[in-house]
Amino acid sequence: MLKGKKFILGISGGIAAYKCAQLTRLLVKEGAEVQVIMTKLAKQFITPLTMATLSKRPILVEFFNPENGDWNSHVDSGLWADAMIVAPATANTMGKMANGIADNLLITTYLSARCPVFVSPTMDLDMYQHPSTQRNMATLQSYGNHLIEPNAGELASGLIGKGRMAEPEEIVEHLRAFFSNESKDLSGKKVLVSAGPTHEKIDPVRFIGNYSSGKMGYSIAEELADRGAEVTLVSGPTRLDIKDPGIKRIDVISANEMYEACVAHFPSMDAAIMSAAVADYRPVKQAEEKIKRKESAMSIELEANKDIAAALGQKKQANQVLVGFALETENAIENAQNKLSKKNLDFIVLNSLKDEGAGFNTETNKITILDNQNKIEQFALKSKVDVARDVVNELVLKLSSL
Ligand code: CTP
């Protein structure tokens, strides 16, 4: 359940910080990645060396490295994570979180995080019961943060009552429960995905194609299926295999074939994500025999293919969501906005070939999502698997707002 998930573990200065060693070990054992951020005081309770060794990553404390000025970007960390866990969350740290007092890296990361945040408080009995602490915890919950209630028992002071940080196993259980609910948020939904390039035949041995590998669309199909959707994948020619046997794959070669398959399946779908790099043109004539070489120049007359996304946009019903992609090399936002409205999409996923690591045949992608309510949201450079999760999250939002 937690395999491949990315967590920021924000440790503030409480005696229960020692439990973070075990928490990190459990998460790493599950196959999760953990980035530890500590407050200065937390270093007094558990050493950075222990946490760096267990998390297999250097821990972060300061905004930048004073030796070389290397910046620890709280924005990048906040975008990278699937969830942030603040444990132990002291009264001081919760007060700052509730009121936006951004005087350390843990808090600035919290304020920048778009992911779910889990807060595991710890403190002494009377501090815990103080109205100010109770109010701050209520405020954090009103922000949508998940509170992991402390346990009752003997506290560091010797007093007995509520205030002991939850055990690492309990925190992991909360995370598991959260992600298992999240992971089936598309059950009962039918989604059509187009992926890969199309090949437009010139003669029996040649075609017009493009560099699309299909990875983005396949990652989206897998993510949708993981989250319970019934997926129909219309795929142009790719070298990829589908890992999930539940995905119905329809192989096509040309844009025309892709058009026919998509138009036939769209009416029964709740949503369609058009990630294919469809050839805009095809040769007017397709030679039956191989075209022989001549000394003279040659030209191939092309005619326009149908725009599949636009065709689905025209047929779209009020209970359907249609998503497109835009690959741009210039005026990216403006071009994407035009495609969004021209094709009647609910949102469009823009990637610019100007961004390093984005586009065709890479393992990574850097996207901006633009929707039909004028929202523009930029995402960090991520693996295509993580980008697929962001796209599917947006789809879930759109479906729930219908
Ligand atoms: N698309 C489609 N059918 C086409 C062309 C594009 O379904 N014949 C879809 C793509 O799958 C993508 C979106 O439309 O979701 C935008 O594709 P893109 O190639 O960026 O845009 P075009 O409309 O072809 O515009 P241009 O090539 O001029 O940028």
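**Two domains and a ligand site**

Let me begin with the interface: between domain 1 and domain 2 about 550 Å² is buried, with carbon and sulfur atoms giving 32% of that area, where buried area is the accessible area (1.4 Å probe) that two parts lose on being put together, summed over both. Within the share that domain 1 buries against domain 2, Leu-79, Arg-114 and Glu-182 supply 68%, more than any other three residues.

Please keep in mind that this is a predicted model, in which local features need pLDDT of at least 70 and side-chain atom pairs count only at pLDDT 80 or more, while totals for chains, interfaces and linings use all residues. Residues are numbered from 1 along each chain as its sequence is written, and side-chain values use heavy atoms, with hydrogens and water left out.

Domain 1 covers 6–182 and domain 2 covers 190–288 + 296–400, with bounds that come from an automatic or database domain assignment. Their centres, taken over C-alpha atoms, are 39 Å apart, and five residues of domain 1 are in contact with nine residues of domain 2, contact meaning heavy atoms within 4.5 Å.

Across this interface the rule finds three salt bridges, each defined as a side-chain nitrogen of Lys or Arg within 4 Å of a carboxyl oxygen of Asp or Glu. In the model, the side chains of Lys-6 and Asp-386 form a salt bridge at 2.5 Å, N to O.

Turning to the ligand, 14 residues surround it, and Met-274, Ala-276, Phe-325, Lys-339 and Lys-343 come nearest, a residue being near if one of its heavy atoms lies within 4 Å. A backbone N or O atom of Met-274 is 2.6 Å from a ligand oxygen, and a polar side-chain atom of Lys-343 is likewise 2.6 Å from an oxygen atom of the ligand. On its own the ligand has 570 Å² of accessible area, of which the protein covers 77%, by the Shrake-Rupley method with a 1.4 Å probe.

How values were computed. Polar contact = N/O pair within 3.5 Å; in protein donor to acceptor, adjacent residues only side chain to side chain.
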